[in-house]
Structure formats: structure tokens, C-alpha cells
Amino acid sequence: MGWDEGAVFYSDQAQFPRGGPGGDPTRHSALRKFKEFLRGFTGPTGDFPYRESLVHNRDHVTVATEDLDAFDAELSDKIRKSPADYLPLFETAASEVLASLRSKVAGETGEMEEPVPGDVQIFLSSKENCLSMRSVGADYMSKLVKIAGITIAASRVKAKATHVTLICKNCRSVRTVPCRPGLGGAIVPRSCDHVPQPGEEPCPLDPWIAVPDKSKYVDLQTLKLQENPEDVPTGELPRNMLLSVDRHLVQTIVPGTRLTVVGIYSVYQASTTQKGAVGVKQPYIRVVGLEQSRDNNSNGPSNFTLDEEMEFKEFAQRPDAYAKLCSMIGPSIYGHSDVKKAIACLLFGGSKKRLPDGVRLRGDIHVLLLGDPSTAKSQFLKFVEKTAPIAVYTSGKGSSAAGLTASVTRDSSSREFYLEGGAMVLADGGVVCIDEFDKMRPEDRVAIHEAMEQQTISIAKAGITTVLNSRTSVLAAANPIAGRYDDLKTAQDNIDLQTTILSRFDQIFIVKDIRMYDQDKRIASHIIKVHASAAASSANTEGSEGENWLKRYIQYCRATCKPRLSEKAAEMLQNKYIEIRQKMRQQAHETGRAAAIPITVRQLEAIIRLSESLAKMRLTSVATPEHVEEAFRLFNVSTVDAARSGINEHLNLSPEIANEIKQAEAQIKRRMGIGSHISERRLIDGLNRMGMNESIVRRALLIMHQRDEVEYKRERHVIVRKA
């Protein structure tokens with residue numbers, strides 16, 4: 001038993017009976033083993049990791065359960081089976097070891113005073129696999145469990161009593177009662193054990209009053225942990241679990257963080273007001289160790305096997321790697337090769353930069369798909385949601401500003417406010433897909449502005465003022481005003497979004513449904529093939545493997561590669577940007593109005609990000625001029641094309657049509673005096689009877705409207721001629 005240690009010995013068999021035929025070591029020998037472990041465990045390099053860490057930070061130490069297994073399997077098994085009994089012992093052992101270590105240090109100075117053993121908190125960490133939140137049930141009661149998820153809410157910090165001091169209201173005797181850790185309460189004895197003197201009145205039942213000033217407290221905070229979105233089965237609501245953290249873990253976590261938690265699964269009585277079932281208790285997890293997921297990937301770079309890394313590197317060296325990656329994106333969607341390339345760039349992302357003065361430059365790429373119905377926009381969004389390592393899919397009508405950013409809710413039990421992160425916060429480090437972007441209410445769309453450019457969400461509601469991170473890429477799909485893209489109108493009249501939000505998108509694609517015989521035939525045969533071979537391909541699981549492989553490859557690239565521009569590429573970029581601005585100025589000069597989609601410094605940054613993400617796909621650390629060339633090509637086919645599209649191209653039509661438009665204008669002016677108004681239908685019918693084509697008349701009206709010669713009233717039904 002170790003009788004030769006100079007210490008006071010006691011027997012505690014009554015409190016801690018020996019279980020089983022083999023006979024457990026009593027608490028004392030467990031305490032001794034814990035001390036041995038902290039003092040004498042040697043790491044792989046021969047140092048003493050736990051002794052060192054105790055000396056350096058005196059109030060907490062993180063113990064890996066693997067080390068405990070290696071040191072004494074029986075002991076670590078006990079900690080797993082009944083952690084509530086053995087962890088306090090472990091903490092006592094740690095504080096005693098610390099006291100002994102510190103007295104040695106004091107001994108060298110010549111003063112020999114015994115140090116007071118301070119409290120040490122033990123954190124456990126383990127490398128075993130996480131349990132899913134749905135599988136944690138009654139079998140795991142008061143055992144160690146490990147689960148992963150996203151924190152969606154954090155309460156304020158409360159003080160929790162560890163020892164309550166009680167005073168008897170009759171005889172004024174004092175006693176201290178320990179409190180159960182976690183969310184449990186203290187057990188107060190019913191009677192006072194004071195023996196009354198003759199003639200003295202005996203103490204009544206329940207004489208004890210708690211003295212709050214004399215009790216001991218620790219900090220306690222409760223968190224809400226929700227399942228990771230990728231672990232939720234289809235059609236189910238995500239579950240959440242209550243966590244309680246105390247002492248040094250308090251206020252280390254903000255909502256929206258991904259966590260892996262090791263804790264004790266325990267129960268508490270939910271509320272005393274609830275009558276009915278006495279034995280029904282609410283479960284919660286008392287956290288004894290937590291780690292935040294690295295770089296917001298729930299499985300960071302350490303989880304890649306060497307074979308995988310070799311395979312990824314080999315793939316990146318292939319000359320056709322870029323084309324191959326783009327063909328993996330939306331394989332069931334025909335055509336749209338540039339959109340696929342842009343989405344590949346969005347999935348890989350550029351590289352984030354922190355400037356010396358603390359300014360952050362975002363590395364995430366935002367893409368807007370704008371176009372006719374049935375051009376596979378939502379299919380792209382759904383594909384990205386499945387492929388991106390972290391993704392959230394929302395639709396414009398069904399999401400409010402609070403649901404996208406963060407909402408302040410009131411806790412039902414404690415009536416205090418707390419924050420719950422919305423879609424943009426939960427997708428931190430991933431992609432948010434927003435469908436039906438044009439149907440969002442304008443005041444909700446404004447909420448996305450800050451998240452898209454500054455990558456934070458600041459909140460000032462109900463006395464909570466915080467800034468949350470939302471480092472996300474946004475992939476949005478929208479329809480033009482009339483539902484279809486109308487070539488007769490300018491881009492401005494087609495796109496019903498403000499310049500402020502358009503300039504935040506790095507790439508804007510106008511996806512038109514062009515009616516061309518060859519293309520229609522190819523698309524039809526492609527779709528019929530997809531439908532016909534769907535049954536055959538469901539048996540062949542290669543598709544899902546490809547998707548999984550792509551997901552892993554994206555994770556690997558995002559985790560390991562942070563490319564920068566080379567000098568040549570930078571110089572080339574500068575010249576190209578000046579050239580584009582020049583062209584835009586010229587176009588504005590010719591048409592007499594600014595382009596609907598502005599080309600600003602943001603667009604220059606967009607090209608830089610595109611070049612970096614193209615370099616990242618090849619796992620190279622420098623973006624070369626070839627990458628810049630391709631980024632420019634992508635930028636030209638998307639944003640610059642969109643800025644030029646619309647009526648401006650139709651102005652330089654054949655001279656006959658231009659002449660007809662002129663004649664139509666003259667007729668309209670003859671029909672309408674200055675200040676008079678007429679219904680659009682009547683005007684068009686009248687000119688039609690004179691043998692004019694309806695589309696020509698509409699074009700003439702559009703041009704006059706641009707010159708401010710006429711204006712529309714009553715939802716474009718009535719035309720008024722201005723002076």
C-alpha cells in the first residue's frame with residue numbers, strides 16, 4: 001500500500017466499497033497512482049510532459065487519455081467508467097504534486113515554507129472517434145463521452161457554489177456541505193446534530209440557512225451544442241445538447257465555433273415547478289475537455305493518410321488537372337463550362353491576408369448566377385452544398401436577416417438574452433448557397449453586405465454588442481426582373497439588384513437560355529441519357545466516390561496551400577486592370593450612362609483571388625502569369641460581359657432597323673403632345689395599324705425613355721411625354 005510514505009492514513013471502505021471479487025484499489029492507491037503518473041510519466045523524447053506543464057501553468061493541465069492508458073490501463077478504465085468519482089481525485093493529486101514541486105524551488109532560496117496547494121483543473125483529451133449526438137443515451141449515463149458539433153449559444157457566466165456554508169437558525173452552529181459539480185445542487189441535511197442542554201429548546205426540522213458570503217464559488221457557463229450540419233440525417237431537425245463548462249473553460253467559446261467535447265454525461269432536474277414525473281431528468285454534458293476544430297475543418301490536415309497526400313500531389317502535377325477538376329463539378333449538367341470553372345475557383349478560394357495594421361483581406365470568392373429559368377442554377381447550388389466541406393443552403397424567400405446573420409433569443413429558464421448564430425455564422429469557413437436571391441426583401445439583403453466584404457457580422461441588439469466571424473463564400477442564384485432575361489432592356493433594367501451588392505460579387509454570370517437547333521438537340525439527348533441511365537448509375541457508386549474524393553482534395557488544398565502572386569503576374573494584372581477601366585470609361589462616354597455592373601478596385605481584388613485559387617488547384621505556392629490569364633478570361637466572360645450586355649449591343653444594328661426606329665420615334669412624337677399621356681397598349685396598336693413592327697416601337701420607346709423624353713406611370717401601363 002505504500003506505508004512508508006510519511007502521511008496520515010485512513011480507511012474509507014465505507015464510503016468507497018471494494019467492488020467485485022478482484023477488489024478495486026481504494027481511493028488512496030488511486031490517488032497515489034495519479035501522483036505517480038503526473039510525476040513520472042515520460043514522453044516519447046524522454047521528458048516529463050505533465051510535470052513541465054504543471055510548473056509552467058499552475059492552474060490547469062491537459063491529460064491525454066492515451067498516455068493514461070499507456071501508464072495504467074486499469075486506472076484509465078476507471079476514469080472512463082466513473083469519471084465523477086475519480087476526476088476530483090486526479091485534481092487533488094495534481095494540486096499535491098504541484099505543491100511538492102514548488103516547495104523544491106523554494107528550498108533553493110533558503111526559505112523553507114510549505115506552499116499552499118492551489119486548485120488545479122484537469123482537462124482530458126482523447127483521440128478516439130466521436131459519438132453521434134443521437135446515439136448518446138441512458139447507457140452512457142455518468143460515463144465519459146466524446147461528441148462534436150457547433151456551438152449555437154452561450155449563456156452569461158454564473159457563479160456556482162462548490163461548498164455551501166450553512167448556519168442553524170436555532171443554535172447558530174455552522175457546517176459546510178459540498179455541492180455536486182455541474183448543474184447539480186447541494187444536499188442539505190434535514191436536522192441539526194446539536195445536542196440540546198437541559199432546559200434548552202431542541203432544534204426544529206430543517207433549521208439550516210445558507211450563508212452566501214461564506215460559501216466557495218467557481219465560474220460556470222452553459223453552452224448549447226448543435227450537431228454539425230453534415231451529420232444530420234435527411235429530413236430531420238438537428239439535435240442540440242446542453243453543455244456546462246466551469247473554471248478555466250469559461251468564456252473561451254463564442255457561438256459559431258466547431259468543437260469536439262469530452263465530458264461526463266449526466267442529468268439535472270429541469271425545473272421544480274414541473275409537476276408530474278419525478279424520475280424524469282434532463283440530460284446534459286459536464287465538459288472536462290474541449291478542443292476547437294483546426295481551421296474550421298472538422299477533419300484537419302492531420303487526418304490525411306500519406307497515400308492520400310501522395311495521390312493528391314500526383315494529381316496536381318498532371319497537365320490536365322484543372323480541366324479534370326472542372327469536369328467533376330456538376331457532372332450531370334450539360335455545358336456551362338465557364339460557370340463550372342468559376343465554381344471550382346469558389347470551392348478552392350484565394351488566400352486570406354492579414355496586413356500589419358490589422359486589416360483583413362478576404363480570400364473567399366463570391367459568385368452570382370443570374371439568368372433564365374431552367375438553366376441549372378439551383379442544380380449548381382445543390383451540387384456545391386454536397387461537395388463543399390462546410391456548406392449551408394438557404395432560399396431567398398424563406399430566410400430573414402436574423403436567420404442569415406445572428407439572432408438574439410431569450411432563454412426560457414433563466415430569462416436572459418443570448419446569441420444564436422445564423423446561416424452565415426454556421427457556414428464559417430465554407431460556402432453559403434442562396435437561391436432566389438432576387439426575391440429576398442431588400443432589408444434582409446443588406447444584412448449580407450458586411451458578411452461578404454468584411455467577413456464579420458456585428459450585432460448590437462438587446463444589450464449584446466459583439467462581432468462574429470463569418471468567413472464564407474457566397475454562391476447566389478437570381479432571376480431577372482421579368483423572370484426571363486429580356487435582350488431589349490439594358491442590363492440595368494434586367495438586374496434588379498443595387499450596385500452596392502453587385503460590386504461585392506467577384507463573378508456575375510448571365511446565363512441565357514438560347515434557342516439554337518444544335519445545342520437544343522445535344523442538351524435533350526444529354527438529359528434523356530441521364531434519365532435513362534439513372535437506374536444503371538445508381539448501382540455504380542463511382543459518382544459518390546468522385547464526389548467524396550473532390551471533397552477531400554478541396555480540404556487538402558485549402559488546408560495546405562496559400563499561394564501568392566509572382567512579380568510578373570502582378571505587373572501584368574496592373575496593366576490589364578487599367579485597360580478594362582479605360583474601356584468602361586469609353587463605353588460610358590459613348591452610351592451616355594454608367595455601366596450597370598461597375599468595375600472597381602473590388603474587381604481587381606477579385607481577379608487576384610481567382611488567380612490564387614487557380615494556383616491552389618495545382619498546389620503551387622506562386623500564381624504565375626498563366627493563372628492571371630485564365631482568371632482574366634473567366635472575369636471577362638462573366639462580369640465584363642454582364643456589364644456590356646443588353647441594349648448597348650443592339651444600338652449598332654443594321655442601318656435599316658435604325659432607320660425604322662427613327663421613324664417610329666417621329667410617329668410617337670406626332671401622336672403625343674408634350675405633357676399628354678396615353679396608354680402604352682393603345683399607342684402600340686395605333687402604330688401597328690400603320691404597318692410598324694411592335695418590337696421596333698418598343699425599342700423606340702425604350703430609347704426615348706433612356707433619353708428622358710418619356711416616362712412610365714402606373715406600372716409601365718401609361719406613357720407620359722416630358723418636355
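A residue counts as buried in these legends when its relative accessible area is under 20%, as exposed when that value is over 50%, and as partly exposed in between. Every view below shows a predicted model.

**View 1. Arg 247 and Glu 91 form a salt bridge.** Let's start with the charged pairs, of which the model counts 16 as salt bridges. In this one, the closest N and O atoms of Arg 247 and Glu 91 are 3.1 Å apart. The pair links distant parts of the chain, 156 residues apart: Arg 247 comes from the loop between strand E7 (240-246) and strand E8 (258-268), while Glu 91 belongs to helix H5. How accessible is Glu 91, buried or exposed? Its relative accessibility is 16%, which is under 20%, so Glu 91 counts as buried. Arg 247, at 26%, counts as partly exposed.

**View 2. Glu 612 reaches Lys 353 in a salt bridge.** Here the closest N and O atoms are 2.9 Å apart. Again the pair links distant parts of the chain: Glu 612 sits in helix H19 (residues 601-617) and Lys 353 in strand E10 (residues 353-354), with their positions 259 residues apart. Glu 612 has a relative accessible area of 1% and is buried.

**View 3. Lys 576 meets a carboxylate and also lies over a ring.** The side chains of Lys 576 and Glu 629 form a salt bridge, at 3.8 Å from N to O. Lys 576 is part of helix H18 (residues 567-591) and Glu 629 is part of helix H20 (residues 625-644), so this pair ties together parts that are 53 residues apart in sequence. Both partners are partly exposed: Lys 576 has a relative accessible area of 25%, and Glu 629 has a relative accessibility of 41%. Elsewhere, salt bridges with shared partners join Asp 69, Arg 80 and Glu 128 into one network. Back at Lys 576, look for the ring of Phe 632 as well: the lysine lies over its face, at 5.0 Å from the ring centre.

**View 4. The charged end of Lys 382 sits over the ring of Tyr 393.** For another lysine placed over an aromatic ring, turn to this pair, where the charged end of Lys 382 is 3.7 Å from the centre of the Tyr 393 ring.

**View 5. Six aromatic residues form one cluster.** The members to find are Phe 34, Phe 37, Phe 41, Tyr 50, Phe 71 and Phe 90. The whole structure holds eight aromatic pairs. Why does the pair of Phe 34 and Phe 90 count as stacked? Their ring centres are 4.1 Å apart and their planes meet at 15 degrees, and planes under 30 degrees apart count as stacked, so the pair earns that name. This pair also links distant parts of the chain, with Phe 34 in helix H1 (residues 27-40) and Phe 90 in helix H5 (residues 83-108), 56 residues apart. Phe 34 is buried at a relative accessible area of 0%, and Phe 90 is likewise buried at 0%. Phe 41 and Tyr 50 form a tilted pair, 5.8 Å from centre to centre and with 40 degrees between the planes. These two residues are both buried.

**View 6. Three strands form an open antiparallel sheet.** Read across the sheet, the order is E23-E25-E24. Strand E23 (677-679) and strand E24 (710-713) stand at the edges with a single partner strand each, so one side of each has no neighbour in the sheet. From one strand to the next, the twist averages 30 degrees. Four bridges join E24 to strand E25 (residues 718-721), and these two run antiparallel. To get your bearings, find Glu 711, which stands opposite Val 720 in E25. Helix H23 (residues 680-689) lies across E23, E24 and E25, and runs at about 80 degrees to E23.

**View 7. Gln 667 lies in helix H22 (residues 655-671).** With a relative accessible area of 17%, Gln 667 is buried. Which residues does Gln 667 contact, leaving aside neighbours within four places in sequence? They are Leu 687, Met 690 and Met 692.

Conventions:
Residues are numbered from 1 along each chain as its sequence is written. This is a predicted model: local features need pLDDT of at least 70, side-chain atom pairs count only at pLDDT 80 or more; totals for chains, interfaces and linings use all residues. Side-chain values use heavy atoms; hydrogens and water are left out. Rings of Phe, Tyr and Trp (its six-membered ring) pair if their centres lie within 6.5 Å; planes under 30 degrees apart count as stacked, over 60 as edge-to-face and the rest as tilted. Buried means under 20% relative accessible area, exposed over 50%, partly exposed in between (1.4 Å probe, protein chains only). A charge sits over a ring if NZ of Lys or CZ of Arg is within 6 Å of the ring centre and within 35 degrees of the ring normal. Contact means heavy atoms within 4.5 Å. A salt bridge is a side-chain nitrogen of Lys or Arg within 4 Å of a carboxyl oxygen of Asp or Glu. Two strands pair if DSSP finds at least two bridges between them. Axes are lines fitted to C-alpha atoms, for helices over the stretch in contact, and angles run from 0 to 180 degrees between N-to-C directions.
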